[in-house]
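Dear colleague,

I am handing over the structure we spoke about, and below it you will find a short account of what was found. Please read the text with the model open beside you.

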Amino acid sequence: QVQLVESGGGLVQAGGSLRLSCAASGSIFSIDAMGWYRQASGKQRELVAAITSGGSTKYADSVKGRFSISRDNAKNAVYLQMNSLKPEDTAVYYCNVNLVTWLNSRHDYWGQGTQVSVSS
């Protein structure tokens with residue numbers, strides 16, 4: 001059993017900042033890629049940023065230079081620092097973790113989602 005707990009969403013004015021956190025717990029042997037996705041109302045879920053176990057990162061073009069993803073392997077946690085937020089960043093943000101359990105099975109897990117709202 002694995003649980004992902006997200007925190008850090010909220011309402012912020014355009015130009016402001018927020019930091020999202022996601023911590024994984026449970027029957028975890030190792031964690032590979034970790035990432036953040038978002039889904040705006042009426043739109044498909046999209047990748048925002050991802051980070052590998054080695055620290056390589058990738059970002060959606062729309063957030064490059066404004067968002068930064070990081071991870072703390074000791075805490076099984078991933079973070080998303082969001083700066084210079086825009087109204088179009090408004091969405092529910094989900095963390096995603098690809099991991100191997102102690103039963104040697106690989107799974108993708110999703111957080112419960114956290115709302116980020118940016119007012120103009």
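Among contacts in the chain between residues at least 6 apart in sequence, what percentage join residues at least 24 apart? The figure is 54%, and please keep in mind here, as throughout this message, that the model is a predicted one.

To begin with the overall layout, the secondary structure of the chain comes to eleven strands and zero helices, and the pattern read along the sequence is accordingly β-β-β-β-β-β-β-β-β-β-β. The C-alpha trace spans about 50 × 25 × 25 Å along its principal axes. A compact globule with 120 residues would have a radius of gyration near 14 Å, and the chain, which has 14 Å, agrees with that expectation. Of the 120 residues, 40% count as buried, while the accessible surface of the chain comes to about 6400 Å², with 48% of it belonging to carbon and sulfur atoms.

Turning to the interior, the largest nonpolar core has 29 residues, and those with the most contacts inside it are W36, V48, F67, V78, L80, M82 and Y93. Several strands give two or more residues to this core, among them β3 (18-26), β4 (28-39), β5 (46-51), β7 (67-72), β8 (77-82) and β9 (91-101). The largest share, five residues, comes from β9. If you would like one residue from which to explore the core, F67 may serve, since leaving aside its neighbours within four places in sequence, F67 is in contact with R38, V48, Y59, L80, Q81, M82, N83, L85, D89 and Y93.

The structure also holds one disulfide. By way of background, a disulfide is a covalent bond between the sulfur atoms of two cysteines. Here the partners are C22 and C95, whose sulfur atoms lie 2.0 Å apart, and the link is right-handed, with 40 degrees about the S-S bond. Because C22 lies in strand β3 and C95 in strand β9, the pair ties together parts that are 73 residues apart in sequence. Are these two cysteines, C22 and C95, buried or exposed? Both of them are buried.

Finally, I would draw your attention to two residues, S62 and R66, of which S62 is found in the loop between β6 (57-59) and β7, and R66 likewise has its place in the loop between β6 and β7. S62 has a relative accessible area of 39% and is therefore partly exposed, whereas R66, with a relative accessible area of 11%, is buried. Each makes a polar contact through its side chain: that of S62 meets the side chain of R38 at 3.3 Å, and that of R66 meets the side chain of D89 at 2.7 Å. Residue R38, the partner of S62, is also listed among the contacts of F67, as is D89, the partner of R66. Not counting residues up to four places away in sequence, R66 touches Q81, M82, N83, S84, L85, K86 and D89. As for S62, its C-alpha atom is separated by 8.3 Å from that of V48, a residue 14 places apart from S62 along the chain, and V48 is one of the residues with the most contacts inside the largest nonpolar core.

With best wishes

Technical notes. Residues are numbered from 1 along each chain as its sequence is written. This is a predicted model: local features need pLDDT of at least 70, side-chain atom pairs count only at pLDDT 80 or more; totals for chains, interfaces and linings use all residues. Side-chain values use heavy atoms; hydrogens and water are left out. A nonpolar core is a set of buried Ala, Val, Leu, Ile, Met, Phe, Trp, Tyr and Cys residues joined through side-chain atoms within 4.5 Å. Buried means under 20% relative accessible area, exposed over 50%, partly exposed in between (1.4 Å probe, protein chains only). Helices (H or I, at least four residues) and strands (E, at least two) are DSSP runs, numbered from the N terminus. Contact means heavy atoms within 4.5 Å. A disulfide is a pair of cysteine sulfur atoms within 2.5 Å. The radius of gyration is taken over C-alpha atoms; the globule rule is 2.2 Å times the number of residues to the power 0.38. Accessible areas come from the Shrake-Rupley method with a 1.4 Å probe; for residues, only the protein chains shown count as cover. A polar contact is a pair of N or O atoms within 3.5 Å; within protein, one must be able to donate a hydrogen and the other to accept it, and residues adjacent in sequence count only if both atoms are side-chain atoms.
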